[in-house]
Amino acid sequence: MESSAHPRPARPRARDLGIVAGEFAPGPLDAITDVPGVRVGHTTVRRPPDVHSGVTAVVPDAVGPHAPLPAGVFTGNGYGKLIGTTQLTELGSLETPILLTSTLSAFRVADALVGWMLERPGCSGVQSLNPVVGECNDGHLSDIRARPVREEHVRAALDSACGGPVAEGCVGAGTGTGALGFKAGIGTSSRTTDLGGRPYTVGALVQANFGGTLRVLGRAITPGSLGLSGAPGPAAETGSCMIVVATDAPLDARRLTRVARRAVFALARVGATYSHGSGDYALAFTTRPDSGAPVPDADLSPLFAAVLDAVEEAVLNSLLAATTTTGHAGHTLPALPADRLLEALAGHPPS
């Protein structure tokens, strides 16, 4: 078991390579933790060659059943498990941290989250709680039937959650995931924008595990086009993406649902196919529910654009940070090599 204090990865991020989505400036860290009051923790569960899994926690400060945050959720394609979604949709309020993990471990993770929450200050009399847990299927690289993520892993991710740079790639819930033909994992990005004359931040974190053909700056990129050989990855019609969006803009649940919708739309920019077997979900919340009247709908367009850009860049970061992984049954997913990617974008064949 590995818990992460968010070391910055050695591999370059999209922005380091000059690959920039949109015109809005990122926050200082270009991460979801640029939004005040948001922390992230990972626990990586790795027992090579068969287990490559984990859990990722997005933890808003002080969230709980007595201090819920406005939230919205959108389902692009519902072939997945997003535990807690019906109450979240009905009430528009988030009562717990958001946890991401592997498909068959989601139910154990939800139970562990409930136990952790009931021990929090102010929860001694709580008799109803809505845990929110999303998942992606990491069964191509990990022995998913082993259900390796357990209570101690969940607690470690929650207890280690902190601000600052967020570890990306093969970490936490992204340890065994792949997207668009390459090894992927966790990715994050942020944007700052003005709404009604006031500055706000929006940040996105993705657990990328979906099918399609990667598109970078409008150019189709495949393992073959980069000269990478090897066995094919998961079937193109399978896979999922979980997206968490945080903002400090004062938005109600209805407006946050509109934000979540744009987060799922953003996956099309990088080549997602939204196939039959894909679970494409986004959950958006605000950390500042009491900071004034909600931003009028007519002023939301810059925020929508910022979300599209942040999610696109978060997916690219998840790919660039990941490393080639060989896992269960000898399956391998190749990393996206930065040097060959840049050569392809410049119009030169990879060497």
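Axes here are lines fitted to C-alpha atoms, for helices over the stretch in contact, and angles run from 0 to 180 degrees between N-to-C directions. Helices (H or I, at least four residues) and strands (E, at least two) are DSSP runs, numbered from the N terminus. The model is a predicted one, in which local features need pLDDT of at least 70 and side-chain atom pairs count only at pLDDT 80 or more, while totals for chains, interfaces and linings use all residues. Residues are numbered from 1 along each chain as its sequence is written, and side-chain values use heavy atoms, with hydrogens and water left out.

A good place to begin is with helix 4 (residues 253-265) and helix 5 (residues 301-321), whose axes cross at roughly 40° and come within 8 Å. Their crossing is right-handed, a term for a near helix turned clockwise from the far one by less than a right angle (anticlockwise would be left-handed). Helix 4 brings Arg-258, Val-259, Arg-262, Ala-263 and Phe-265 to the contact, and helix 5 brings Leu-303, Phe-304, Val-307, Leu-308 and Val-311; contact means heavy atoms within 4.5 Å. By class, these residues are eight nonpolar, no polar and two charged. Here Ala, Val, Leu, Ile, Met, Phe, Trp, Tyr, Cys and Pro count as nonpolar, Asp, Glu, Lys and Arg as charged, and the others, Gly among them, as polar.

Helix 2 (residues 106-118) packs against helix 3 (residues 151-160) at an angle of about 55°, with the axes 9 Å apart. The two are therefore oblique to each other, given that angles under 35 degrees count as roughly parallel, over 145 as roughly antiparallel, 65 to 115 as roughly perpendicular and the rest as oblique. This crossing, too, is right-handed. Val-109, Ala-112, Leu-113, Gly-115 and Trp-116 of helix 2 meet Glu-151, Val-154, Arg-155, Leu-158 and Asp-159 of helix 3, a set with six nonpolar, one polar and three charged residues.

Next come the empty spaces inside the model. A cavity is a set of points, on a 1 Å grid over the protein atoms alone, where a 1.4 Å probe fits but cannot get out; lining residues have an atom within 4 Å of a point. Grid points are joined across faces, edges and corners, and a volume is the space filled by probe spheres set on the points. Two cavities of 30 Å³ or more are counted. The largest holds about 50 Å³, and its lining of nine nonpolar residues has no polar or charged ones. Strand 7 (98-102), strand 15 (238-247) and strand 16 (277-286) each supply at least two of the lining residues. The second largest cavity, of about 30 Å³, is lined by Ile-19, Val-20, Ala-21, Leu-217, Glu-312, Glu-313 and Leu-316.

Two backbone details complete the picture. Pro-48 and Pro-49 are joined by a cis peptide bond with omega of about 0°, and Pro-49 lies in the loop between strand 2 (38-47) and strand 3 (51-60). Asp-30, although not a glycine, has a positive phi of about 50°.

Terms used. On a 1 Å grid over the protein atoms alone, a cavity is a set of points where a 1.4 Å probe fits but cannot get out, and a pocket is an open set with protein on both sides within 12 Å along at least five of seven lines; lining residues have an atom within 4 Å of a point.
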